[in-house]
Structures are given as structure tokens and as C-alpha cells.
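Here's a quick tour of one model, written for someone who'd rather be at the bench. Have a look at the structure first.

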Amino acid sequence: MRYDIVIRNGTIIDGTGQPSVQADVGVRGDRIVAVGSLSGEASQAIDAADHVVAPGFIDVHSHDDFALLDRPLCDFKILQGVTTEVIGNCGFGAAPANDAYRNFLRGFGPLLFGPMGDFSWETTAEFYHALESRPAAVNVACLIPHAAVRYGVLSDEKREPTAQDIERMQALVQEGMDAGAAGMSTGLFYAPGRYAQTEEVIALAKVVAEYNGVYATHMRDEADHLLDSIQETIRIGEESGAGVQISHHKAMGRTNWGKVRDSLALVEQAQARGLDISSDAYPYTAGSTTLAALVQGGVIERAAPSDVLIASTPVQHEYEGKTLEDICQLTGKSLQQTVAELIAGEGESTVAVIFGMDEADVRRVLAHPTTMIGSDGIPSVAGKPHPRLYGTFACVLGKYVRDIQLLTLEEAVHRMTGLPAQKFRLRDRGLICDGSYADLVIFDPQTVADIGTYQEPRRHPPGIHSVIVNGTVTIEQGRHRGTCNGRLLRHDAAGI
Ligand code: ZN
Ligand code: CU
């Protein structure tokens, strides 16, 4: 047999969670065609001795909606081994888009999403066409963002939708699912998601359920009312029939530490009743979002000023990397005044990093067998983004697998590959087996690590040797070859 690529002598971790095996992997075209002891000729041979060969990682929680078009090399993702991302999270994304939504997003979007380009499409299908006509280095699956759907019908009105409005919103969700979305996301913590009653979300998730899609949610409250939010999420899943993904499952704020024991228990009870519900998480004790959202959500007033770091701000670049405490000291102004000045005007898009989680909780969530890995990376071109953008997957493999042994390597890889592929119905992805797409990562389990810091977050992780996307070597010996061979993965309603 002749191969385009043979990867020899690697330790294969196939994404199912099964123990590793020593084997070669043969690739022809865009598929894996053989796994075993392979003797055939190959146009290209990669020696993977002392390295792990795994399915490319799936970042189930990405905000690269515009970055995929603006910076299609996606170096920050692919250099950590990611070959597929799920965009459209937290209720925000690029389509559908009317003028009202475009204005809304342009206000705070650039520092969250990076440059937003011409942003001229209207329907979900048109946006997907844009993604397809300008492929990125990684594959992409998409969620329909609730904020876009709400703006599409209610514009910026903060009211409850009428029955007719709901029907029009359902039609937008249907248009997105028909175009190939994997599901819908909400950000019930943020405006305009926060104005939606549970019933509105159920009505929309019902459309998602008809297509076997996923309902992913940044819940209403991840702090004092975490458990109520989990209950609401479960109710949405049970009443709509959609599979549920809890985004960045966590308990924020010192007084809530430990609550993930209960939130995970609620998830398990729902699973036992038959609900398809799972979570994702990033492996850090700090979160990151806009400063304005933290103020609006009442988070800032309860956080210690030393726990809030400015990641990027158009107001004063020299504040980037400094805490609110540092800035108050620098200016001699009160905390209230400092924050007010930071979010005024174009400061609407100031992004903060907030240290609010307990390491023990982070470990509890990561250790849970149905937790996937999602970076929640904010792909800003300015400032100092949360290091999760560059380091999430390397951090799990380095710190949580090798250093503290919270997970076995096989388990961690499963949660980054086979499990999310199954959840989001990414057909023939996430596994190393005959017939699977050749999305592969070759890494050194001894050296892979997240070396980014909150002060210097833009560092690519060491130990990622090669990354193959749809049969094309995109990262070779740690270097990006400039290839963009990613695909839009349209949802497969029939399942895998
Ligand atoms: Zn979120
Ligand atoms: Cu997010």
C-alpha cells in the first residue's frame, strides 16, 4: 500500500480513552487509511518516536468567529494542537446579522473578537459561505448565537418577545440549523441574553432539538446563583429535548467556592434521568470578559481590586497587565472612578481578567468524566489576553496530566477529541481509526507545557511537534507552514 504520509513509531492515543498502543499511522488524501505496523511506501514519513500521536484537539469553546477570517493561520490555536474549533459561543457570534446587531457588536466586539473585517453578511448561510471561501488552518463548527437571533427580531429592545416574535426567532434558528450549525448558544449573563426568560430559550432550543443539535450556554449566574442557573439549564434541556453543554463550568467568587460539587451532582442527576448534558472548562483560576459586563453583572463591586487585571483597553494601553489596585495607586483615584473611566466611551470594549475561582474547583470540574476542554480564548490583537488563548490544551497536558496526574493522558486526550466529536456530531473526527479524517497532533508528553503568563501570554507551547489537518501537514517541527486546509464542518443531524 502507498501512503501520502506515514507517521512511524509513535505512541497512539486514539481518542476513545483506551490505553495507548505503539503503531504507525498511514494517511492517504484527507483520511487515515491504516493503523498498525506499516511497511508500505510513503511520500512523506514522520518519525514520532518518543512522541504521542493523537487526534487533533477540538476546542469546543472558541471565540474565533472573526479571527478565522482575519487571521486564518490561527497560530494561537493550532500551535497548541487544535485542529477544530466550535465558534459562536456565549450567545455571541457573527451571524445572523442585521444593522442593529452589527452596531451592537461593533461597540464592544473588536477587543473580544479582534478586527471584524467587512462583516457584511446577513444570514447564517452567507457567513458560512464566507468561512468556506476563505479557509482557515483549522476546521470550524458553528453555534448560532442567541444575541444575534434576538437582535434579528427585537433589535435592542429589552422586552419579552410576543408569540409572533418567538416564531420569527425560531425561523432564524431554523435558517441557521439548515445552513449547518451544530446548535445554538446563549449568554444569559450578558445583555441582551439576560433579558430572555427561560421560556424564550426553551422555545428556540426546541428548534435545535429537531436537528439533534446542541444547546450551549454561558449561564445566567456562575456565582451566588450557580445552582439556580444549573437548574435552569437542565430545565431548558429537558423541556426542549436538545443536548446541553454547560460552557466554562465554574463557581465564581470566594463565597461560592466548593459549589461545583453540587453543580456537578445536579448534572449527574440529570444524566441519570437520560439528559444529554456535559460541560467544558479551561484549566485556569481566572476568567476573562469585558470589564463592562463585570460591572453590569455586579461582579466588580464584590471582587478585590487586586484580583482584576486589565487585559486590553483602548483607553490607556499602559494599564494592560495591571490590576485595578495597581491603577488606583498609580492615579490616586478611587476604585469607582477608575472603573468608570475605564469603561466610558470606547472603554466599552476593555477586557479584564478576573481571579475568582478555586483551584480545587477547577480540578473537580476537569476531573469529571464528561468535561471537555474549551479555551474560551479571546483572540484580541492588542494587549495581554488571558493565557488560555495560547495555552489551554498544553496546560491540561502539562500541568494536569504530567505534573499533578489529575487525568491520565488517554483520558485527557479523549476529553479533547473523541468526546467532543461525539457531542457536536463531527462525523469521522476525533478518533484515530481507519476511515477517520487525518486531523492529527504529534506531541512530546514530557515537554508539552503552557509557558504563557498573565504578563506575557503570547507564548506558543513547547512540545507540539506536528499538526496535520485534513491530511495536510500544517505544523512541521513546531513551525507553521502557512497552509490553510481547514473546513467548515456542517452539522450532521443524522448523527455519527
Ligand atoms: Zn462565556
Ligand atoms: Cu465564551
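What follows covers a metal site and then a sheet.

This is a predicted model, where local features need pLDDT of at least 70, side-chain atom pairs count only at pLDDT 80 or more, and totals for chains, interfaces and linings use all residues. Residues are numbered from 1 along each chain as its sequence is written, chains are lettered from A and ligands numbered from 1 in the order written, and side-chain values use heavy atoms, without hydrogens and water.

Start with the copper ion (ligand 2), which is held by His61 (NE2), His63 (NE2), Cys90 (SG) and Asp376 (OD) at 2.1 to 2.3 Å. Donors here are N, O and S atoms within 2.8 Å of the metal (3.2 Å for Na, K and Ca); water is not among the atoms, so sites may look incomplete. The angles among the four donor atoms run from 82 to 162°, and the site is irregular. That label applies when four donors are neither tetrahedral (all angles between 85 and 135 degrees) nor square planar (opposite donors over 155 degrees apart, all others between 65 and 115). Cys90 also coordinates the zinc ion (ligand 1), 3.0 Å from the copper ion (ligand 2). Both His61 and Cys90 are buried (under 20% relative accessible area, 1.4 Å probe, protein chains only).

Now the sheet: it is open, with antiparallel pairing in the order S13-S15-S14. Strands are DSSP runs (E, at least two residues), numbered from the N terminus, and two strands pair if DSSP finds at least two bridges between them.

| Edge strand | Residues |
|---|---|
| S13 | 286–290 |
| S14 | 308–312 |

Each edge strand has a single partner, so one side of each lacks a neighbour in the sheet. Four bridges join S14 to S15 (residues 351–355), and Ile310 sits opposite Ala352 in S15.

How values were computed: Four donors count as tetrahedral if all angles lie between 85 and 135 degrees; four count as square planar and six as octahedral if opposite donors are over 155 degrees apart and all others between 65 and 115; anything else is irregular. Buried means under 20% relative accessible area, exposed over 50%, partly exposed in between (1.4 Å probe, protein chains only).
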